[in-house]
Amino acid sequence: MRIKSLHLAELTEAGDDFLRYNNALTSLDLPELTQVGDDFLRYNDALTSLDLPELTIVRGWFFFFNEAITRLNLPLLTEAGYGFLRFNSNVDNSLGVTNE
C-alpha cells in the first residue's frame, strides 16, 4: 500500500520508528502532535513541507533523509535530541540550518 496523504487529527505523541520509507507521501497533517520519539520521519522522498504547530519535544533522530523538503514549521519546539534535521539536502538553503 502506498500512502499519499495522512491526517491524524487527535494524535499527540508518536513513538519510535514513525513513518519511515514512504516514497509516495506528499501530505502529512498532525495538528496536535506534541512529542515524538526516535527515528521520526525518515526517507519520505515526496514530502515537501511539514507543519507541526504544537510539537515541543523531539527525543532523537528527527526528520532525516527527506530530500524533497523545502519548508518545515516547528514554532513551539523547545527540546531537540540527537540527530535533529540531518541529511536533508534542501533544508540548508530554505531554513538556514546546516547539516553535519
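In this predicted model, strands E3 and E5 pair in the parallel sense, with two bridges between them. One of the pairings can be followed down to its residues: Arg20 has Arg42 of E5 as its bridge partner. Strand E5 makes a good place to start a tour of the model, as several other features lead back to this strand.

E5 also pairs with strand E2 (residues 13–14), again in the parallel sense, through two bridges. Here Glu13 finds its bridge partner in Gln35 of E5. A further pairing takes E5 to E7: the two strands run parallel and are joined by five bridges. Within E7, Gly60 is the residue that stands opposite Asp38. How well covered is E5 itself? The strand is mostly covered, with six of its eight residues buried.

The burial of E5 goes along with its part in the nonpolar interior. The largest nonpolar core takes in 21 residues, and the ones with the most contacts inside it are Leu28, Phe40, Leu52 and Phe62. Two or more residues of this core come from each of the elements E3, E5 and E7.

Aromatic rings add a further layer to the picture, with two aromatic pairs counted in the model. In one of them, Phe18 and Phe40 are stacked, their centres lying 5.2 Å apart with 5° between the planes. This pair bridges distant parts of the chain, given that Phe18 sits in strand E3 and Phe40 in strand E5, 22 residues apart. Both partners are shielded: Phe18 counts as buried because its relative accessible area is 17%, under the 20% limit for that class, and Phe40 is buried at 0%. The other pair is made by Tyr21 and Tyr43, which count as stacked because their ring centres are 4.9 Å apart and their planes meet at 10°. Tyr21 lies in the loop between E3 and strand E4 (27–29), while Tyr43 lies in the loop between E5 and E6, so this contact ties together parts of the chain that are 22 residues apart in sequence. Unlike the buried phenylalanines, Tyr21 is partly exposed, with a relative accessible area of 47%, and Tyr43 is partly exposed as well, at 26%.

Charged side chains supply another set of contacts. Side chains of opposite charge can pair when their charged atoms come close. The model holds five salt bridges. One of them brings together Asp39 and Arg20, with 2.3 Å from N to O. Asp39 belongs to strand E5 (residues 35–42) and Arg20 to strand E3 (residues 18–20), so that 19 residues of sequence separate the partners of this link between distant parts of the chain. Where do the two partners stand on the scale from buried to exposed? Asp39 is buried, at 9% relative accessibility, whereas Arg20 is partly exposed at 30%. The contact is also part of something wider, as Asp17, Arg20, Asp39 and Arg42 are linked in a network of salt bridges. Two members of this network, Arg20 and Arg42, are also the bridge partners met at the start.

Away from E5, a salt bridge joins Arg71 to Asp51, where the closest N and O atoms are 3.0 Å apart. It too links distant parts of the chain, with Arg71 in strand E8 (residues 71–73) and Asp51 in strand E6 (residues 49–51), 20 residues apart. Arg71 has a relative accessibility of 40% and counts as partly exposed, and Asp51 falls in that class with 31%.

A further salt bridge is formed by Arg59 and Glu79, whose closest N and O atoms are 3.6 Å apart. In this case the partners are Arg59 in strand E7 (residues 57–64) and Glu79 in strand E9 (residues 79–82), which lie 20 residues apart, and the pair again connects distant parts of the chain. Arg59 is partly exposed at 44% relative accessibility, as is Glu79 at 39%. Through Arg59 the account returns to E7, the strand joined to E5 by five parallel bridges and a contributor to the largest nonpolar core.

Conventions. Residues numbered from 1 in each chain as written. Predicted model: local features only at pLDDT ≥ 70, side-chain atom pairs only at ≥ 80, totals over all residues. Heavy atoms only, no water. Salt bridge = Lys/Arg side-chain N within 4 Å of Asp/Glu carboxyl O. Helix = DSSP H or I, 4+ residues; strand = E, 2+ residues; numbered from the N terminus. Buried < 20%, exposed > 50% of the residue type's maximum accessible area, 1.4 Å probe, protein only. Pairing = 2+ DSSP bridges. Core = buried A, V, L, I, M, F, W, Y, C linked by side-chain atoms within 4.5 Å. Phe/Tyr/Trp six-rings, centres within 6.5 Å; stacked < 30°, edge-to-face > 60°.
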